[in-house]
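Welcome! Open your viewer, get your selection tool ready, and follow along one stop at a time.

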Number of protein chains: 2
Amino acid sequence: MKDKFNEETLERKEIYNGAIIDVCIDSVELPNGKTAKRELVFHNGAVGILAITPMNRIVLVRQYRKAIEKSILEIPAGKIEKNETDPLETAKRELEEETYYQCDRMEQVADFVTSPGFCNERMVLFQAHGIKRVENPLPRDEDEFLDIVELSLEEAKEHIRLGDICDAKTLYAILLWEFQMK
Amino acid sequence: MKDKFNEETLERKEIYNGAIIDVCIDSVELPNGKTAKRELVFHNGAVGILAITPMNRIVLVRQYRKAIEKSILEIPAGKIEKNETDPLETAKRELEEETYYQCDRMEQVADFVTSPGFCNERMVLFQAHGIKRVENPLPRDEDEFLDIVELSLEEAKEHIRLGDICDAKTLYAILLWEFQMK
């Protein structure tokens, strides 16, 4: 069935082809026959992992985010690499690389686009069940600087108030964790 | 206190300066003295509104999203315009423009960055309390094509399974709504 709101591409202009994002400007035909511009960012997608320790603490990583010029606490996460076809594999790899944990089982708990108004980035959220520390974990990416932090729900909420837990996937994961405990 | 993970900008190259986004490539100095590139997208920020009718249905709008080439159901939302300093004002305006509802009170329920790995877009989520239809609502943006849809929680969950409710702010809002009813 044709989407009645469909915007047909009349012309696509590639502005930037990068390591993380591609940027294009499309001229589109609107449903009323008029034309409009669409500024678009393309991204290969990412995963995030909600991991709760046996002590009922959420596993977070602190890292610097240049786009907002501060370091923040996020659930472990990472881009889906071009050679990875299953987000589950990305999730297992990132959990181990970033936090030195492995898990018995990864359960998919959400799947969303982060900002559909201009970007196609998809984020698949997993919950890691039965996590345990690895003795010889996968090496981190070169030049990846991060601290591992484990927080109770109340501590996590305090960091939300303070503003250094502040990204969509992490707020979603914390709300889901609280929901599961309710 | 200096952020120990701070990445100092050595050089910024502007790639694109658009209506919705600006794109820059920064060369940064890492904590270990090495340099790296950062692909960055700058956005003026946006709001989303969780609005529940007296019949306990969530108010959504269907619109086409060129970045993912399909129309999806989202909570009412919109960009913070350059002349708007208070996200609350944006939320009131967007609720009325997109859904023809006004409310007695807007409560801020979340504040997050959508994708901090490369983008500074901030999303402020509000919950509209006491919504009622407006007789002569604010006009919509020119060339804005959308349908208003009101769903029960179970219907909303079915649309999540079908994949046409699939964006971060809307999934967060629906989880919060379910949390409040639990």
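## Stop 1: one chain

Start by selecting chain A and colouring it by secondary structure: along the sequence, the order is β-β-β-β-β-β-β-α-β-β-β-α-α. That makes three helices and 10 strands in chain A, where helices (H or I, at least four residues) and strands (E, at least two) are DSSP runs, numbered from the N terminus. Along the principal axes, the C-alpha atoms of chain A fill a box of roughly 60 × 40 × 35 Å.

Before you go on, two notes on what you see. This is a predicted model, in which local features need pLDDT of at least 70 and side-chain atom pairs count only at pLDDT 80 or more, while totals for chains, interfaces and linings use all residues. Residues are numbered from 1 along each chain as its sequence is written, chains are lettered from A and ligands numbered from 1 in the order in which they are written, and side-chain values use heavy atoms, with hydrogens and water left out.

## Stop 2: two domains

Now select residues 8-43 of chain A, which form domain 1, and give 46-181, domain 2, another colour; these bounds come from an automatic or database domain assignment. Taken over C-alpha atoms, the centres of the two domains are 30 Å apart. Six residues from domain 1 of chain A and six from domain 2 of chain A make the contact (heavy atoms within 4.5 Å).

How much area do the two domains of chain A bury between them? The answer is about 580 Å², 58% of it on carbon and sulfur atoms. Buried area here is the accessible area (1.4 Å probe) that two parts lose on being put together, summed over both. Show Ile20(A), Val41(A) and His43(A) as sticks: in domain 1 they lose the most area to domain 2, together 73% of what that side buries.

## Stop 3: a charged pair in chain A

Next, pick Glu7(A) and Arg38(A), whose side chains meet in a salt bridge (2.9 Å, N to O). Glu7(A) sits in the segment before strand S1 (8-17) and Arg38(A) in strand S3 (residues 35-43), so this pair ties together parts of chain A that are 31 residues apart in sequence. The term salt bridge stands for a side-chain nitrogen of Lys or Arg within 4 Å of a carboxyl oxygen of Asp or Glu. Over all chains, a search of the whole structure finds 34 salt bridges.

## Stop 4: where the chains meet

Bring chain B into view. Here 66 residues of chain B are in contact with 66 residues of chain A. The area buried between these chains is about 5,600 Å², with carbon and sulfur atoms giving 66%. Select Phe5(B), Lys66(B) and Phe179(B), which lose the most area to chain A in chain B, together 13% of what that side buries.

Which residue of chain B forms a salt bridge with Lys4(A)? Zoom in on Asp147(B): its closest atom pair with Lys4(A), N and O, is 2.8 Å apart. Across the whole interface of chain B and chain A there are two salt bridges.

## Stop 5: the symmetry

Finally, show both chains and look for the axis. A rotation of 180° with 0.0 Å of shift along its axis superposes chain B on chain A (RMSD 0.0 Å), by least squares on the C-alpha atoms of residues with pLDDT of at least 70 in both. The two copies are thus related as by a two-fold rotation axis. The same surface serves both copies, as 100% of the contact residues of chain B recur in chain A.
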